[in-house]
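Student: I am new to this structure and would be grateful for a close look at a single part of it. Please describe that part and then what lies around it.

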Amino acid sequence: MRRFFKLSIVAFLVSFSTLSFDSSQTSAATLPVSQAIDRQNNTIQSVEGYIVGKPTSANTVITGNYPDDYSLAIADSRAETNTANMLYIQIPSQFRTQFGLKSNPELLGEKITVTGNLTAYYSHPGLKNTTE
């Protein structure tokens, strides 16, 4: 009986020592664009999608001759053309040279993950105050 008790304690301690208390692992999961569009509640979320163009109005996204580096449109599919299925991303100044389409037109079609507040941009479902 004592041996069983000792083995139980050892097994408990070994299993307890493998638990992780890293708070970074408790963050919310990355959302697809479709869920981010439905969740416009100003919460901070990470969203993953394909760059499909640059929004110029609530219902217009261009895919060439970009006038600036201020915004992106992302979607769950790189072939998406319906703006209702796109999330508009405001690009803060510190990320414009790296992610703006005027400076980086080759990013069109690339998959990215963006973190920020889920809130309207161009009067369209969006993500602003991008932090990464």
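Tutor: A residue counts as buried when its relative accessible area is under 20%, as exposed when it is over 50%, and as partly exposed in between. The model under discussion is a predicted one. The part chosen here is strand β6, which covers residues 111-118. Of its 8 residues, 6 are buried, so the strand is largely enclosed by the rest of the structure.

The pairing of β6 may be taken up next. Strand β2, residues 44-57, pairs with β6 in the antiparallel sense, and 7 bridges join the two. One residue of β6, N117, is the bridge partner of I44. Strand β7, residues 126-128, also runs antiparallel to β6, and 2 bridges join these two strands. Here N117 appears again, standing opposite K128 in β7. N117 is thus matched with I44 and with K128.

Two loops deserve attention. The loop between α2 (33-38) and β2 contains N42. N42 is not a glycine, yet its phi is positive, at about 65 degrees. With a relative accessible area of 45%, which falls between the limits of 20% and 50%, N42 is partly exposed. The loop between β6 and β7 contains Y122. Y122 is likewise not a glycine, and its phi is positive, at about 60 degrees. Y122 is partly exposed, its relative accessible area being 30%.

Y122 leads on to the aromatic rings. A search of the whole structure finds 3 aromatic pairs. In one of them, the ring centres of Y88 and Y122 are 6.1 Å apart and the planes stand at 85 degrees, so the pair is edge-to-face. Because Y88 lies in strand β5 (residues 86-90) and Y122 in the loop between β6 and β7, the pair ties together parts that are 34 residues apart in sequence. Y88 counts as buried, at 0% relative accessibility. The rings of Y121 and Y122 have centres 4.8 Å apart and planes at 70 degrees, so this pair is edge-to-face. Y121 is buried, with a relative accessible area of 13%. Y88, Y121 and Y122 together form one aromatic cluster.

The nonpolar interior completes the picture. The largest nonpolar core has 19 residues, and those with the most contacts inside it are V47, I51, L72, I74, L87, I89 and L127. At least two residues of this core come from each of α2, β2, β4 (71-75), β5 and β6. One of the residues just named, I51, may be followed further: with neighbours within four places in sequence left aside, I51 is in contact with L72, A73, I74, L101, L107, L108, G109, E110 and I112. Another core, of 7 residues, lies apart from the largest one. Among the residues of that other core are V52, V61, A75 and Y88. Y88 therefore belongs both to this core and to the aromatic cluster with Y121 and Y122.

Note on methods. Residues are numbered from 1 along each chain as its sequence is written. This is a predicted model: local features need pLDDT of at least 70, side-chain atom pairs count only at pLDDT 80 or more; totals for chains, interfaces and linings use all residues. Side-chain values use heavy atoms; hydrogens and water are left out. Buried means under 20% relative accessible area, exposed over 50%, partly exposed in between (1.4 Å probe, protein chains only). Helices (H or I, at least four residues) and strands (E, at least two) are DSSP runs, numbered from the N terminus. Two strands pair if DSSP finds at least two bridges between them. Rings of Phe, Tyr and Trp (its six-membered ring) pair if their centres lie within 6.5 Å; planes under 30 degrees apart count as stacked, over 60 as edge-to-face and the rest as tilted. A nonpolar core is a set of buried Ala, Val, Leu, Ile, Met, Phe, Trp, Tyr and Cys residues joined through side-chain atoms within 4.5 Å. Contact means heavy atoms within 4.5 Å.
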